[in-house]
Amino acid sequence: MPSPAPRDAAVIDIGSNSVRLVVYRLEGRAIWTVFNEKVLAGLGRDLGASGRLSSEGVAQTLQALKRFRAVLEAVNPAETFVVATAAAREAKDGPDFVRRVREEAGFTVRVLSGEEEAHYAAVGVLAGAPDATGVVGDLGGASLELIRLNATGAGQGVTLPLGPFSLAGPAGTANGFDAERVRRLARERIAPVAADYSTDTFHAVGGAWRNLALLHMRLSGYPLHVVHQYEIPTAEALEAARLVAHQSRSSLERIEGMSKKRSETLPYAAVVLEILIEQLGVKRVEISAYGVREGLLFEAMPPRVRGLDPLIEGCAALGARQGVGDELGPALEGWIAPAFRALPALFGERDPILVAAACRLADMGVRLHPDHRADLVYEQVLRAPIAGQGHAERCFLAVAAHARHATTFNPPEIATLERLMSPAQLKRARALGATIRLACDLSGRSPSLLAHSRLTLDKNHLVLAAEPGFADLLLGEQTSKRAGTAAQHLGLKPKIITA
């Protein structure tokens, strides 16, 4: 059954610190961000001190929403979700604010309960990483939502007053950050639920923690600046959190890429992460770029679409943009996968998914200049905003895409590959790309012609054979050359059966 036709959907997220409009292009299971605008309005800045919304934040939010209305009238998405979270939920004047949004900006706002916010954050994490297990923590300006992921998806969630604006002193964050006071409050508020949310893996959601991850990348010299599914061992996460907590606001503002308003709230986020690691027994922090907004979109998809693999579907959507037929990728997978199943697994149960994903990327470079397509495709695959892949897997697919288009292996950023992949994974990726190249050149990229040949691996050989009447398909110097390259990367010899 074909995937639903591509369509646009928009989410307006009115948070305690930021108000954001994101327009997405939905291509089946694949979720692409095509427009993203954020205003750090600080709507919940005064919540801890007065229990009311910031008057300045309200004015900025309404101004932003009026602009968003103008944008959406032009974009005309198929559907629009407008939600508000902790600030509008907890403030005494929250209902009045929601009324003003309706009257002045024309949006009907759905104010999420704490449990709903936790649920959508967890569903968003699963949209980006379907195999995720552990506990999701979504930190906003005023609250922290915790929710456990289990075999059936998102479990029961809880909301805690642990956002920066809820932890600030009576005078607000602008008058100073007291790390020890924040640690004490965080311990007191996490302790009652710590046993219920103990976990080895903590999935961190929220802009403050994404910024903390980017800071950790800079400190550690990490070469691939892709925040989604970025993993930080707890010792390093604690080191980064404590470093931030001890920096002055002016020091944080001097960090490249750090906004003035984000530097105000980042120390609170750092301390909350520190106490969560301490009290939940966390061993590994994984950053998710997906959260409530993507959770809303994902839950609205048909069940059949939600069940598809995001990496395979994302690669198929990316490859399809070159105008190549949808049939080639699945045909390549059907030809290659049975042979590669005989090889030792290098990514556990993920190996077949990576083979399928790489096959969907086979013709990404078809409309690029032949002298440059290998490098251009490599760069795009390495950083494509496709969910459902770890960083080593990104490197694997980028190498396979490069090897599909070039015999000589000299891709950009070779040091990145050597840091994030094992030698065996690097060699396998080159073998897969060379095998995809063999299949494409053998068949002229025709799925029907490819189906008349067979690829098998035995102890010593990569074996090419053809059905009766199609032996001529295997003739030619190029076929022999491509088979030899693929076999070499697999540590085998080529055997072409033409009789």
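This passage describes helix packing, salt bridges and one buried acidic residue in a predicted model.

Two packed helices are described by the angle between their axes and the distance between the axes. Helix α5, which spans residues 114–128, packs against α12 at an angle of about 80°, and their axes are 7 Å apart. Angles of 65 to 115 degrees count as roughly perpendicular, and α5 and α12 are therefore roughly perpendicular to each other. On the α5 side, the contact is made by E117, H119, Y120, A121, V123, G124 and A127. These residues meet V292, E294, G295, L296, F298 and E299 of α12. Sorted by class, the contact of α5 with α12 has seven nonpolar, three polar and three charged residues.

One of the α12 residues in this contact is E294. Helix α12 covers residues 292–299, and E294 is placed within this helix. E294 is buried but takes part in no salt bridge. The nearest side chain of opposite charge belongs to R293, at a distance of 4.6 Å. A salt bridge requires a side-chain nitrogen of Lys or Arg within 4 Å of a carboxyl oxygen of Asp or Glu. When neighbours within four places in sequence are left aside, the contacts of E294 are Y24, G124 and A289. Of these, G124 is also among the α5 residues that meet α12.

A second helix pair consists of α14 (residues 310–320) and α16 (residues 351–360). Their axes come within 8 Å and cross at roughly 10°. Because angles under 35 degrees count as roughly parallel, α14 and α16 are described as roughly parallel to each other. In α14, the residues in contact are L311, I312, C315, A316 and G319, while α16 contributes I353, L354, A356, A357 and R360. The contact of α14 with α16 comprises eight nonpolar, one polar and one charged residues.

R360, one of the α16 residues that meet α14, also forms a salt bridge with E333, with the closest N and O atoms 2.4 Å apart. R360 lies in helix α16 and E333 in helix α15 (residues 328–340), so the salt bridge ties together parts that are 27 residues apart in sequence. R360 is buried, its relative accessible area being 18%, whereas E333 counts as partly exposed at 24% relative accessibility.

Side chains of opposite charge can pair when their charged atoms come close. Across the whole structure, a search finds 32 salt bridges. One of the salt bridges joins R7 to E79, and the closest N and O atoms of this pair are 2.5 Å apart. The pair links distant parts of the chain, with R7 in strand β1 (residues 7–14) and E79 in strand β4 (residues 79–84), 72 residues apart. R7 is partly exposed, with a relative accessible area of 26%, and E79 is partly exposed with a value of 25%.

Another salt bridge is formed by the side chains of K66 and E104, at 3.9 Å from N to O. This pair links distant parts of the chain, 38 residues apart: K66 belongs to helix α2 (residues 55–75) and E104 to helix α4 (residues 94–105). The relative accessible area is 42% for K66, which is partly exposed, and 34% for E104, which is also partly exposed. In addition, a network of salt bridges links R89, E90, E117 and E145. Within this network, E117 is also one of the α5 residues that meet α12.

Key: Residues are numbered from 1 along each chain as its sequence is written. This is a predicted model: local features need pLDDT of at least 70, side-chain atom pairs count only at pLDDT 80 or more; totals for chains, interfaces and linings use all residues. Side-chain values use heavy atoms; hydrogens and water are left out. Helices (H or I, at least four residues) and strands (E, at least two) are DSSP runs, numbered from the N terminus. Buried means under 20% relative accessible area, exposed over 50%, partly exposed in between (1.4 Å probe, protein chains only). Lys and Arg count as positive and Asp and Glu as negative; His and the chain ends are not counted. Contact means heavy atoms within 4.5 Å. Axes are lines fitted to C-alpha atoms, for helices over the stretch in contact, and angles run from 0 to 180 degrees between N-to-C directions. Angles under 35 degrees count as roughly parallel, over 145 as roughly antiparallel, 65 to 115 as roughly perpendicular and the rest as oblique. Ala, Val, Leu, Ile, Met, Phe, Trp, Tyr, Cys and Pro count as nonpolar, Asp, Glu, Lys and Arg as charged, and the others, Gly among them, as polar.
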